[in-house]
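Please open the model in your viewer and keep the selection tool at hand. The tour proceeds by selections, each followed by a description of what is found there.

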2 protein chains.
Amino acid sequence: MKGYLWQHEATAGQPKELLDWESVAIDAVGNVIEFWGFKRNQGRVWALLYLRDVALTAAEIEKDLALSKGGVSMLLRDLERWGVALRVRTPGDTSWRYRAETDLLKMARRVIEEREFSFIARIRADLEEARKLAENDATTTKAQVQRLKRMETLAEATEKALRLFLKTSRLDVGGMFEVFRS
Amino acid sequence: MKGYLWQHEATAGQPKELLDWESVAIDAVGNVIEFWGFKRNQGRVWALLYLRDVALTAAEIEKDLALSKGGVSMLLRDLERWGVALRVRTPGDTSWRYRAETDLLKMARRVIEEREFSFIARIRADLEEARKLAENDATTTKAQVQRLKRMETLAEATEKALRLFLKTSRLDVGGMFEVFRS
DNA sequence: CATGCAGTTCAAAACGGCTTGAACTATATG
DNA sequence: CATATAGTTCAAGCCGTTTTGAACTGCATG
């Protein structure tokens, strides 16, 4: 949830390895995924793999999406780590190929779980620290301590909302996403 | 949901207008609010007003949070527009003062409603367009159209999840936030 | 209407995250 | 082990966002 600016017109006028409809769809997925807090290009790579439904090499991805060698390497490693792309070695082939694993939400869940919760935990710890400092300070009023406690409640509530969000996205979006399995 | 890096140690070593516990708490709120997709300093200004519980002038905020004159002006206008800060004119005073309105979630709801939904709508439109283009292209396979449809489902699901998220944050976090009213 | 202070605007600077590409490592092959 | 090709790493550059600060507007006052 940040500022998202449109890519898409910007994509026009490239060497063009992608069909028009492919690049529209790929960018759209890039935008959704960015909305979920990931990199646009992680979504674009996944979308390419998913749409083509064949295992592509890093070099092909690099060419089709006009990304750099190094970038593709890192993006693929992210997708692989999150279990949404699969590295396969085709029999007589010299390089790795990648396929889309279809549960894209796996990615959202993993990463959100691993980073957002520690983030909120840290905020809660800070607020608790602030309250303790304030309580040890003779000049602090009761009302101030009270307000700090309320701020802690705010962080707790945020954590709760996030948890709920994950859970519901698991059920609701997850349910929808499962259409991808096939 | 983006990259959040710690401010806080970074804050150390300033002219220091804030008590230690105040700056810890204020930065913590800045971090939560950034998580919700706003500017850290919008949260910090709100937190200062809330903790102090008196109406402050722009000049005081500027000094305490070490922000620029122009910055404070813009931040306050944002907060006011979203209804989380109140501009008051004290009787014999020459300048405006600001108080915290306590429902910080009002801010989240407003902005999320006004920008996230149009964002998702746009994505859905793009995917629909891609599918139509693909359908008009003789080389497109049935399976590809199928995959595009599934991607549309993904965007729909995202919209649904967002709606649910807003609603639950209204009930759940909203309920918690109400502690702030007093 | 000159002066001063509060508040706003916006071009430019600072900042931070993302991407690039050159140097490097790993691996396969003759 | 020399060569070639695939894959990784990371410092430097790019680019979008946020912040700054100087110029400006508005308004009150003598």
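The steps below concern a predicted model and go from a DNA strand to a sheet in chain A.

Begin by selecting DNA strand D together with the protein residues within 4 Å of the strand. This selection should contain 18 residues, and the closest are Lys69(A), Ser73(A), Arg77(A), Trp96(A) and Asn41(B). By class, the surface near DNA strand D comprises six nonpolar, eight polar and four charged residues. Colouring the DNA atoms within 4 Å of the protein by type shows that 59% belong to sugar or phosphate, while the rest belong to bases.

Next, select α4 (69-81) in chain A and α4 (69-81) in chain B; each supplies at least two residues of this surface. The largest share, five residues, comes from α4(A).

Now display individual side chains. Which atom of DNA strand D lies 2.4 Å from a polar side-chain atom of Lys69(A)? The partner is a base nitrogen. For Arg77(A), a polar side-chain atom is 2.8 Å from a phosphate oxygen of the strand. Arg87(A) likewise has a side-chain N or O atom 3.5 Å from a phosphate oxygen of DNA strand D.

From Arg87(A), move to Tyr98(A), which stands opposite in β3(A). Select β2(A) and β3 (residues 97-100) of chain A: these strands run antiparallel and are joined by four bridges. Extending the selection gives an open, antiparallel sheet of three strands in the order β1-β3-β2 (chain A). Its edge strands are β1 (56-57) and β2 (85-88) of chain A, each pairing on one side only.

Finally, add helix α2 (residues 40-52) of chain A, which lies across β1, β2 and β3 of chain A and runs at about 85° to β3(A).

Note on methods: Residues are numbered from 1 along each chain as its sequence is written. Chains are lettered from A and ligands numbered from 1 in the order in which they are written. This is a predicted model: local features need pLDDT of at least 70, side-chain atom pairs count only at pLDDT 80 or more; totals for chains, interfaces and linings use all residues. Side-chain values use heavy atoms; hydrogens and water are left out. A polar contact is a pair of N or O atoms within 3.5 Å; within protein, one must be able to donate a hydrogen and the other to accept it, and residues adjacent in sequence count only if both atoms are side-chain atoms. Ala, Val, Leu, Ile, Met, Phe, Trp, Tyr, Cys and Pro count as nonpolar, Asp, Glu, Lys and Arg as charged, and the others, Gly among them, as polar. Two strands pair if DSSP finds at least two bridges between them. Contact means heavy atoms within 4.5 Å. Axes are lines fitted to C-alpha atoms, for helices over the stretch in contact, and angles run from 0 to 180 degrees between N-to-C directions.
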